[in-house]
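Visitor: Could you pick one spot in this protein and give me a close look at it? After that, I'd like to hear about the rest of the fold.

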Amino acid sequence: MFIFELCAHLKLCILIYAPPNKLLDVRREQQLSYHVVFLLSACALPVPAHVNAAVGRIRGLIMMQNSYDHIAEQWHSNFRGQAYVDRTLGYVDKILEGLPSGAKVLDLGCGTGNPIAKHIVERGFRVVGVDQSKKLLEIAKTVVPEAELIHADMVEIQFAEKFAAAVAWDSVFHVERKHHSAIFHKLADSLESSGRLMLSVGGSDAEDSASDDSVTEGFTSEMFGHTFYYSGYAPKVARKLLEAEGFEIEVWEVDDPSSRGHIAVVARKSV
Ligand SMILES: C[S@@+](CC[C@H](N)C(=O)[O-])C[C@H]1O[C@@H](n2cnc3c(N)ncnc32)[C@H](O)[C@@H]1O
């Protein structure tokens with residue numbers, strides 16, 4: 001009887017275990033916790049509630065990291081509207097102001113390269129685009145073949161070079177907020193002196209505290225039938241984190257009143 005129950009339990013565990021290839025794109029810290037919990041449940045050991053909550057979050061992140069691959073074509077063909085494009089490229093133009101032709105611009109979470117990276121290249125600058133979705137990068141290769149495209153997680157990537165300007169538009173909010181200040185630090189570090197950054201913040205109901213790393217920090221939402229993970233601080237906390245990294249805020253505005261708090265930011269590295 002015991003053997004029978006154990007076999008049934010193991011079978012169930014194997015069924016719920018994500019196939020290894022799904023875990024390949026997940027950062028090491030998440031892989032490790034996932035494996036630990038799997039081993040605990042496979043050995044029929046009780047899994048503490050907080051560990052279970054963490055696993056839910058990891059599953060959300062795993063889903064999210066594959067989600068853009070699943071919707072790549074739909075995302076690409078879904079035109080977000082001329083008003084959106086004009087407004088967004090207006091912010092891009094602000095960070096390109098005064099740069100010499102050929103200057104290098106980082107696009108962190110570049111997606112398909114449309115419309116941002118494409119616009120930057122058309123204005124005569126070079127682009128380094130970073131994204132964790134292989135499928136979106138494949139499309140980006142056709143949209144903006146001139147760009148250098150890197151498949152990487154923005155939390156883990158390290159840059160050996162400096163950029164004249166940087167973009168992180170609608171991408172940082174897909175990363176757990178405990179990593180946001182490190183990402184802002186990385187962006188500041190990778191910018192040349194006085195270089196500008198364009199990014200978006202807001203859209204989170206997170207409590208007004210930069211120190212709270214509780215597991216309730218994120219939420220998921222559906223797009224084209226797939227689950228996406230979002231995480232962020234309240235805008236005034238995000239602003240403090242950016243200022244703490246030496247960014248001087250030049251533009252801070254709700255760019256689309258229907259977006260419920262989506263804020264466009266243009267900031268300048270002050271040193
Ligand atoms: C809403 S899309 C925005 C794409 C592009 N910035 C734009 O405005 O069209 C979010 C992008 O962030 C990328 N992304 C999410 N988390 C990431 C991470 N940890 N590292 C790198 N890219 C990430 C996604 O793959 C996706 O391309």
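Guide: Let's start with P115, which sits in the loop between strand 1 and helix 7 (116–122). Keep in mind that this is a predicted model. The bond to look at here is the one joining N114 and P115: it is a cis peptide bond, with omega at about 5 degrees.

Now look across from that loop to L89, a residue of helix 6 (residues 82–96). Leaving out residues up to four places away in sequence, L89 touches P115 and H119. L89 and I116 are 27 residues apart along the chain, yet 6.7 Å separates their C-alpha atoms. As for its surroundings, L89 has 18 other C-beta atoms within 10 Å and is therefore partly exposed, since buried would take 20 or more.

From the loop, step back to strand 1 (104–108) and find V105. Setting aside neighbours within four places in sequence, V105 is in contact with I120, F125, R126 and V127, and also with F163, A164, A165, A166 and V167. V105 also belongs to the largest nonpolar core, a group of 53 residues; V105, A166, V167, L197 and M198 are the ones that touch the most other members. Strand 4 is the top contributor to this core, giving 6 residues. As a rule, nonpolar side chains in soluble globular proteins tend to be buried together.

Two of those core residues lead us into the sheet. A166 has L197 of strand 5 as its bridge partner, and the two strands, 4 and 5, run parallel and are joined by 5 bridges. L197 in turn has A267 of strand 9 as a bridge partner; here strand 5 and strand 9 pair in the antiparallel sense, over 7 bridges. Strand 5 is largely enclosed by the rest of the structure, because 9 of its 12 residues are buried.

How does the chain get from strand 4 to strand 5? Together with helix 9, the two strands make a right-handed β-α-β unit. Helix 9 (residues 180–190) has H180, I183, F184, K186, L187, A188 and S190 as its buried residues. Their cover includes strands 1, 4, 5, 8 and 9, along with helix 10 (235–244). So strand 1, where we met V105, is part of that cover too.

This stretch also has a couple of backbone oddities to check on your screen. D170 is in the loop between strand 4 and helix 9, and it has a positive phi of about 55 degrees although it is not a glycine. D170 is partly exposed, with 15 other C-beta atoms within 10 Å. S194, in strand 5, is not a glycine either, and its phi is positive as well, at about 70 degrees. With 13 C-beta neighbours inside 10 Å, S194 also counts as partly exposed.

Helix 8 (residues 134–143) is worth a glance too, with L136, L137 and A140 buried. Those residues lie on the same side of helix 8, because they cover an arc of only 95 degrees around the axis.

Zooming right out, the protein chain holds 10 helices and 9 strands, and buried residues make up 35% of its 271 residues. Among contacts with a separation of 6 or more, 68% link residues 24 or more positions apart.

Notes
Residues are numbered from 1 along each chain as its sequence is written. This is a predicted model: local features need pLDDT of at least 70, side-chain atom pairs count only at pLDDT 80 or more; totals for chains, interfaces and linings use all residues. Two residues are in contact if their C-beta atoms, placed from the backbone, lie within 7 Å. The arc is that of the directions from the helix axis to the C-beta atoms. A nonpolar core is a set of buried Ala, Val, Leu, Ile, Met, Phe, Trp, Tyr and Cys residues joined through C-beta atoms within 7 Å. Two strands pair if DSSP finds at least two bridges between them. A crossover is right-handed if, with the strands pointing away from the viewer, the path from the first strand over the helix to the second runs clockwise.
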